Amino acid sequence: MTAHGVCGGCDRTWTAERASHCPRCHRQFSTDSNYSRHLIIDAGIVTGCADPTTLKHPLEQAAGDVWRSPSGSTPAHWTRITPTSQS
Ligand SMILES: [Zn+2]
Ligand SMILES: [Zn+2]
């Protein structure tokens, strides 16, 4: 049996290794990054969940009820940050 995640607050389970499930709104995200993007953070504290479709760079709901970044439209600021202090 492959490892999978369970929420505890809903019936949802998932098998994708990188899937990230929100324990607040019970949405399923394709990556931790997309999960983080829907969080409403105030002074470093998560205060709630935003509708992924209303984000500045909205996520799209893919098959299986998984929220992911629209393919081919990765925001410019979302590209990898190159560490400059790496030695
Ligand atoms: Zn949420
Ligand atoms: Zn859940």
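Q: What percentage of the 87 residues of the chain count as buried?
A: A residue is buried if 20 or more other C-beta atoms lie within 10 Å of its own, exposed if 12 or fewer, and partly exposed in between, with C-beta atoms placed from the backbone. The model is predicted: local features need pLDDT of at least 70, side-chain atom pairs count only at pLDDT 80 or more, and totals for chains, interfaces and linings use all residues. Residues are numbered from 1 along each chain as its sequence is written, while chains are lettered from A and ligands numbered from 1 in the order in which they are written. Of the 87 residues, the share that counts as buried is 15%.

Q: In which pattern do the helix and strands follow one another along the sequence?
A: Helices (H or I, at least four residues) and strands (E, at least two) are DSSP runs, numbered from the N terminus. The chain holds one helix and eight strands. Read along the sequence, the pattern is β-β-β-β-α-β-β-β-β.

Q: Which strands are the edge strands of the open sheet?
A: Two strands pair if DSSP finds at least two bridges between them. Four strands form the open sheet, in the order 3-4-8-7 and with mixed pairing. Two of them pair on one side only, and these edge strands are strand 3 and strand 7 (60–62).

Q: Which residue in strand 4 stands opposite histidine 21?
A: Strand 3 and strand 4 pair over two bridges, in the antiparallel sense. Opposite histidine 21, in strand 4, stands glutamine 28.

Q: Is histidine 4 buried or exposed?
A: Histidine 4 lies in the segment before strand 1 (5–6). Because histidine 4 has 11 C-beta neighbours inside 10 Å, it counts as exposed.

Q: Which residues does histidine 4 touch, not counting those up to four places away in sequence?
A: Two residues are in contact if their C-beta atoms, placed from the backbone, lie within 7 Å. With residues up to four places away in sequence left out, histidine 4 touches Thr13, Trp14 and Thr15.

Q: What is the phi of histidine 26, which is not a glycine?
A: Most residues other than glycine have a negative phi. Histidine 26 is in the loop between strand 3 (20–21) and strand 4 (28–29). Its phi is positive, at about 60 degrees.

Q: Is alanine 43 buried or exposed?
A: Alanine 43 is in the loop between strand 5 (39–42) and strand 6 (45–49). Since 5 other C-beta atoms lie within 10 Å, alanine 43 is exposed.
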